[in-house]
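Student: I should like to go through this model and ask, for each label, what justifies it.
Tutor: Certainly; let us set each value against its criterion.

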Amino acid sequence: QVQLVESGGGLVQPGGSLRLSCTASGFPISFYTMAWYRQAPGKQRQLVARIYSDGSRNYENSVKGRFTISRNNTKNTIYLQMNSLKPEDTAVYYCNNFNEGYWGQGTQVTVSS
């Protein structure tokens, strides 16, 4: 059974950091492009970062230099390290298998003082 389970969200002050994790089951992440999306209230879901099977990555412009996507194929897990967080980063963050369209349930990130 295919499943993506995110964790690591929470409340953080502006300038703080969080690391999101997404553990996959039912398929090996090493074969696929994996991604993080986010959706803020009243807005469309937005691609944040993507990591390809060869390890190459790309990022949405507003998070470049602050967020890092990575993967641990042994643990079948991807990560999103988020630094220098801003209030506009507040959203539900979703893990995604970009090739197959699988989604996790999302984890809330709130950046507020």
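**Labels and their grounds**

Tutor: We begin with threonine 77, which is buried at a relative accessible area of 5%. Please keep in mind that the model is a predicted one.

Student: Why is threonine 77 called buried?
Tutor: The label requires a relative accessible area under 20%. Threonine 77 has 5%, so the residue is buried.

Student: Where is threonine 77 placed, and which residues does it touch beyond four places in sequence?
Tutor: Threonine 77 belongs to strand β8. Its contacts, leaving out residues up to four places away in sequence, are Ser21, Cys22, Thr23, Ile29, Ser70, Arg71 and Asn72.

Student: What makes the pairing of the side chains of threonine 77 and threonine 23 a polar contact?
Tutor: The cut-off for such a pair of N or O atoms is 3.5 Å. The two side chains make their contact at 3.1 Å, and the limit is therefore met. In addition, a polar atom of the threonine 77 side chain lies 2.9 Å from the backbone oxygen of lysine 75.

Student: How do you know that cysteine 22 and cysteine 95 form a disulfide?
Tutor: The sulfur atoms must be within 2.5 Å. Here the S to S distance is 2.0 Å, so the pair qualifies. The structure holds one disulfide.

Student: Why is the disulfide of cysteine 22 and cysteine 95 described as left-handed?
Tutor: The torsion about the S-S bond is about -80°, and the disulfide is left-handed for that reason.

Student: What parts does the disulfide tie together?
Tutor: Cysteine 22 is in strand β3 (residues 18-25) and cysteine 95 in strand β9 (residues 91-97), so the linked parts are 73 residues apart in sequence. Both cysteine 22 and cysteine 95 are buried.

Student: Why is glutamate 6 said to have no salt bridge?
Tutor: A salt bridge needs the charged atoms within 4 Å. For glutamate 6, which is buried, the nearest side chain of opposite charge is arginine 45, at 7.6 Å; the criterion is therefore not met.

Student: Which backbone nitrogens does the side chain of glutamate 6 reach?
Tutor: A polar atom of the glutamate 6 side chain lies 2.7 Å from the backbone nitrogen of cysteine 95. The side chain also reaches the backbone nitrogen of glutamine 105, at 3.0 Å. Glutamate 6 itself sits in strand β1 (residues 3-7).

Student: What makes the phi of asparagine 76 worth remarking on?
Tutor: Most residues other than glycine have a negative phi. Asparagine 76 is not a glycine, yet has a positive phi of about 55°. Asparagine 76 lies in the loop between β7 and β8, and is buried at a relative accessible area of 14%.

Student: Is serine 84 buried, partly exposed or exposed, and why?
Tutor: Values between 20% and 50% count as partly exposed. Serine 84 has a relative accessible area of 40%, so serine 84 is partly exposed. Serine 84 is in the loop between β8 and β9, and has a positive phi of about 50° although it is not a glycine.

Student: Which residues touch the most other members of the largest nonpolar core?
Tutor: Of its 27 residues, those are Met34, Trp36, Val48, Phe67, Leu80, Met82 and Tyr93. Strand β3 gives the largest share of this core, four residues.

Terms used. Residues numbered from 1 in each chain as written. Predicted model: local features only at pLDDT ≥ 70, side-chain atom pairs only at ≥ 80, totals over all residues. Heavy atoms only, no water. Helix = DSSP H or I, 4+ residues; strand = E, 2+ residues; numbered from the N terminus. Buried < 20%, exposed > 50% of the residue type's maximum accessible area, 1.4 Å probe, protein only. Lys, Arg positive; Asp, Glu negative; His and termini not counted. Polar contact = N/O pair within 3.5 Å; in protein donor to acceptor, adjacent residues only side chain to side chain. Core = buried A, V, L, I, M, F, W, Y, C linked by side-chain atoms within 4.5 Å. Contact = heavy atoms within 4.5 Å.
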